[in-house]
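Me: Could you walk me through how this fold is put together, going from the cores to the helices and the sheet?

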Amino acid sequence: MRKEQIYDLIDRKVRHLPYYVELYVDYKMSDDRAKPNTLLSYLYDYEKFFDWLIAENYFNGSVKDIPLSTLESLRREDITSFQNFLKRYTNMEKRSSRNRMISSLKSLFHHLSQIEEDEDGNPLLKRNVMAKIEIRNVKPSPREQAESLKGRVFKSSEESNNFLNFVEHNYIETIMDSHEKEPVKKRLIHYYKRNKERDIALLTLILGSGLRISETVMLDLDDIDWVERGARVERKGKEGKTLVHFSERAKDKLYEYIQIREKRYNVGNKEKALFLSLPTGPNAKNKRLTKRAAQDMIIKYTKWYGKRLSAHNLRHSFATVHWAENKDVFALQSQLGHNDPQTTQRYALIFDDTLREKIDNMDKND
């Protein structure tokens with residue numbers, strides 16, 4: 001959804017909510033205090049909350065007419081009832097979803113009680129019940145984390161290699177066969193040809209090492225150890241740089257990129273950044289590829305492949321494949337730079353369903 005469409009939807013929703021919600025939205029939109037997508041999600045939360053107030057007879061009238069006095073009359077047990085309602089009768093079974101709802105309400109109530117004033121300079125909301133509500137952040141279990149990853153990773157070397165082969169050999173053909181307009185096709189193919197070696201090297205490196213996207217774009221030329229086949233990166237809680245090994249295919253693709261890097265990106269030997277971006281304007285200079293640009297690039301290729309994945313999903317894919325082929329949680333923990341082995345164990349749980357499916361198929365064959 002384009003930004004203009006989001007703003008239009010925000011305007012339409014605000015018209016059906018109490019006036020003080022509009023005060024909150026106006027404040028947040030000034031000086032970009034909140035992103036449009038965030039505000040829109042807040043408005044969906046407020047709609048649900050105010051509808052609940054009407055349904056539970058806290059106010060007899062329309063949502064738009066709910067006065068501040070209704071909010072001031074709420075007690076802690078009322079908010080608890082609302083939380084129970086979310087858990088039982090909505091799609092917010094997960095605590096994280098309910099926490100997000102409570103967080104958005106806390107933001108609104110705080111604004112009305114601490115920032116907005118009436119004509120006498122007094123707080124617009126005299127009593128803030130949400131200040132008494134605590135948000136209990138519960139870290140998802142490894143099994144819950146594994147469930148959230150299913151469908152958002154490559155589960156085998158074959159799947160990862162199929163994706164990399166698509167980017168290297170079938171991307172242009174897929175664009176040409178698409179229903180995109182000709183100017184769009186030409187632009188996509190133009191940038192692909194200019195950055196092909198760089199993009200393939202970066203994708204192969206993450207899928208062949210499990211590096212974080214931030215670690216990847218911050219690599220310098222001298223961070224690559226060709227003999228040990230590894231990249232030296234700085235990791236939280238570690239002194240100095242840690243050598244993270246990468247695959248033979250990643251080594252080959254990095255080498256191919258290095259061969260064209262200086263000439264293609266018009267840089268001398270003083271530029272140490274490994275991954276570079278092409279200038280976007282007449283006076284712009286080649287510089288280190290940004291994290292945002294790298295993330296956008298990954299999403300672009302995976303969308304065209306037909307399996308939209310983020311940069312972090314590629315890191316998860318490496319971990320999933322590594323576990324499937326090695327079953328060594330401690331080696332994987334070291335490779336990924338995890339402090340807690342439980343974080344690493346989630347990758348083993350991804351294959352629970354796969355194992356059950358194999359057993360079911362054995363029963364069928366009997």
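**Cores, a helix and a sheet**

Reply: Sure, starting with the largest nonpolar core: of its 44 residues, Leu 202, Leu 203, Phe 275 and Ile 298 touch the most other members. Such a core is a set of buried Ala, Val, Leu, Ile, Met, Phe, Trp, Tyr and Cys residues joined through side-chain atoms within 4.5 Å, and buried means under 20% relative accessible area with a 1.4 Å probe, protein chains only. This is a predicted model, where local features need pLDDT of at least 70, side-chain atom pairs count only at pLDDT 80 or more, and totals for chains, interfaces and linings use all residues. Residues are numbered from 1 along each chain as its sequence is written, and side-chain values use heavy atoms, with hydrogens and water left out.

Me: Which helix gives this core its largest share?

Reply: Helices here are DSSP runs of H or I, at least four residues, and strands are E runs of at least two, numbered from the N terminus. Contributors of at least two residues each include α8 (157-176), β2, α11 (248-264) and α12 (291-305). The largest share, 10 residues, comes from α9.

Me: How many residues are in the second, separate core?

Reply: Leu 9, Val 63, Leu 86 and Leu 124 are among its members. Its size is 39 residues.

Me: Why do the buried residues of α1 line one face?

Reply: Those residues are Ile 6, Leu 9, Ile 10, Lys 13 and Val 14. An α-helix has 3.6 residues a turn, so residues three or four places apart point the same way. Taking directions from the helix axis to the C-beta atoms, the buried residues of α1 line one face because they fall within an arc of 130°.

Me: And which helices do they pack against?

Reply: I'd go by contact, meaning heavy atoms within 4.5 Å. On that basis, the buried residues of α1 pack against α2 (19-29) and α3 (36-55).

Me: What is the strand order in the open sheet?

Reply: Two strands pair if DSSP finds at least two bridges between them. β1 and β2 (residues 230-234) pair over 2 bridges, while 5 bridges join β2 to β3. The edge strands are β1 (224-225) and β3 (241-245), each pairing on one side only. With antiparallel pairing, the order is β1-β2-β3.

Me: Which residue in the hairpin turn has a positive phi?

Reply: β1 and β2 form the hairpin, with 4 residues between them. Just at the start of β2, Gly 230 is the bridge partner of Asp 225. The turn residue with a positive phi, about 55°, is Arg 229.

Methods:
Buried < 20%, exposed > 50% of the residue type's maximum accessible area, 1.4 Å probe, protein only.
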